[in-house]
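Reader: Before I rely on the vocabulary used for this model, I would like to see how each term is earned. Could we go through the terms one at a time?

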Amino acid sequence: MASVFQLRRRFLCTSSKWKVKQVTTSNFEESLQEIKTHISSSDYVAVSMARTGSPSPPSWLRPLPFDTAQTAYSKARRAAHRFQVLHFAVCPFSVSHSDKLLAHPYNFVLFPRDELKMGMPAYSFSSQTSLLASMARRGFDFNACVYNGISYLSRAQESAAKVRLGAALPSLREVKSSSSPTVADTVFVERTRSRIKHWRKTFERSGTSTSRDELINSLKNIVLGSEQFRSRPCMTIDVCSERQVQLILEMLVDHSDDLLPLLIPTKSGTTHALRIVLANSKEDKELLERELQNFEEEESKKIRGFREVIDSISASQKPVICYNCLNDCTLIHSKFIAPLPLEVDEFVSSLHSIFPNVLDINYLMKKHGTMRKVTNIPSAISYLNNNFFAPVDLEIPDQATVKEGKIHGLNALRLGYLFMKLCSILKISPNVTDSGNKHLAPELEDFTNVFHPCSPPIQDSSNAGDVGVWTNNTRKISCEHLVFLWGFNLGITAGMLKSLLRSSHNIFSREFDVKLVDKSCAIVVFWQPGVSKQFLDIMNSEEMSGDLKELVSNGLRVTSYETYDRICRLGLWEMDLRESLERALENSWCDEKSNCGTKSSEIHWYNDNVINLDDL
């Protein structure tokens, strides 16, 4: 025990001295180049976020053990849309065969500033006072966040911003015509060709012209619409359709050595004109193309902001480690990629193209049966240090360059440390392989892409609806066996409600269980197939009698799991689950709007209390 105590003491002492580089607008450019290098040379990238709110209260809005992957995703999707990230910790790290961890932790302070005056990335966001107060107690500087926080645009917002800004860019469009030209096409092309030809001749003769000729040429240029673009002559040709754009590009192939076409978009995204730039030579044309591409890249960097870091992680294809895969990844997708789709399958497919492998520390800890009561990273590390000898040699080379002051964003660094300890305890090799593009050790494949804290990996379509809980006492059950019950007396316990139901009707002589979801609603599971449907039929019939009829007359109501799935899909979020269920049953438009039934799916029923998995 002495060695374990000393190890714990060593962790507590050293972790308090860990430093994380704090990044704001003032040092973002230099830090961006540094972290790109560190991401490229790392084995893993751990991420952690501090947001303005979490998926509760009320408690039923958190992903719960009886949720399918779809209902859990719907809840996480709601939270991702509502809340904002205020700082984003990133820690690229590498591992060695001697349990050595080489880490480069960064913490980026963010704020969704509308720098382009377009209402992006966000007009507003929600916040929870308890989380803001907790951040304030830890010394978070909200003034620095608002004034010096790094802004960003998602990929979808960047595309929209470029269209609305109307920047002229070199045309890289394919110039092969998809159909034979019409008479109108031929007339349009010949007129445009003639106009460009006369315009070019004006500049070819300008080298030997007199002052009188220069004056005449200047007047001609005005008539022909000649202008200047980056010290080179140009002319603008208005177009009425994308077809005319294609025709002009095809025609310019014959003059491609010194003519560069630039598309001029409208705010709606269509092309309203082409700017034809006359270069001095083929080399000058290539130089101009490079200048424009570099200019576009610099402007795009300003627009992307912090998203440059997300794009670097994505481009590296390195495994990403987070604490709660579902909540973290929905937030990343919503803020930095695109609006979240309605269906979990679409979300998983989209995310997989960005982060092929995401490791969920919650799921990895769940494999260790004695850690069921651990709900945050510091307590998990403390538990492991108290009970297991799994030393990790942590090295942070950049510590000397980090300024003194309040340290935020430690959780990403802790995640890397916790990951190494868990791998050591579970006898899993954390070492990456060089073969293929995944850069992930085969032993860790089973722990990737788990988008529900209680479920197996969702990429297995046959288990797309499976969920699980952090307990060794579970039973697999179809959602068709579940019903939701409300309208009972407040303050009643699950045991009291089960006894009340058992004495109310002989259908409850079959095996069943009851769990409270919140103070107003319970979930009932019937273990024999078909019994739940019989119970629903009885509740909707006029032949009800006895104690059950009395319970119904006092307000007892019941519905299937499908109704619960529907309220999560449609976002009927009320403070009490009872109110949401009643709202769904009372509005027939819910069925039409959802236009989808609950997929056949299974959950893992738990015999312990619901475990709250708090967001960090």
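Reader: What makes strand 4 and strand 13 (residues 393-395) a pair, and which way do they run?

Author: In this predicted model, 3 bridges join strand 4 to strand 13, and the two run parallel. Two strands count as paired if at least two bridges are found between them, so strand 4 and strand 13 qualify. Within this pairing, Lys100 stands opposite Asp393 in strand 13.

Reader: How do you know that strand 4 also pairs with strand 3 (residues 85-95)?

Author: The reasoning rests on the bridges again: 3 of them join strand 3 to strand 4, which run antiparallel, and at least two are required, so this is a pair as well. One of the bridge partners can be named, since Ser94 is matched with Leu102 in strand 4.

Reader: What makes the side chains along strand 4 (residues 100-103) alternate?

Author: In a regular strand the side chains alternate between the two faces of the sheet. Here Leu101 and Ala103 point to one face and are buried, whereas Lys100 and Leu102 point to the other and are not buried. Buried means under 20% relative accessible area, so Leu101 and Ala103 fall below that limit, while Lys100 and Leu102 do not.

Reader: Why is helix 9 (residues 242-251) described as largely enclosed?

Author: Because 7 of the 10 residues of helix 9 are buried, the helix is largely enclosed by the rest of the structure. The buried residues are Gln244, Val245, Gln246, Leu247, Ile248, Leu249 and Met251.

Reader: Why are strand 16 (512-518) and strand 18 (557-560) called edge strands?

Author: They belong to an open sheet of 4 strands in the order 16-17-15-18, with antiparallel pairing. Strand 16 and strand 18 each pair on one side only, which is what makes them the edges. The twist in this sheet averages 25° from one strand to the next. Inside the sheet, 5 bridges join strand 15 (residues 482-486) to strand 17 (residues 521-526), and Leu482 stands opposite Val525 in strand 17.

Reader: Which residues have the most contacts inside the largest nonpolar core?

Author: That core has 42 residues, and those with the most contacts inside it are Phe88, Phe108, Phe306, Val309, Ile313 and Phe355. Helix 12 (residues 325-337) gives the most to this core, with 7 residues. Leaving aside neighbours within four places in sequence, Phe306 is in contact with several residues, including Phe28, Phe88, Phe108 and Phe336; contact means heavy atoms within 4.5 Å, so each of these residues comes within that distance of Phe306.

Terms used. Residues numbered from 1 in each chain as written. Predicted model: local features only at pLDDT ≥ 70, side-chain atom pairs only at ≥ 80, totals over all residues. Heavy atoms only, no water. Buried < 20%, exposed > 50% of the residue type's maximum accessible area, 1.4 Å probe, protein only. Axes fitted to C-alpha atoms, helices over the stretch in contact; angles between N-to-C directions. Core = buried A, V, L, I, M, F, W, Y, C linked by side-chain atoms within 4.5 Å.
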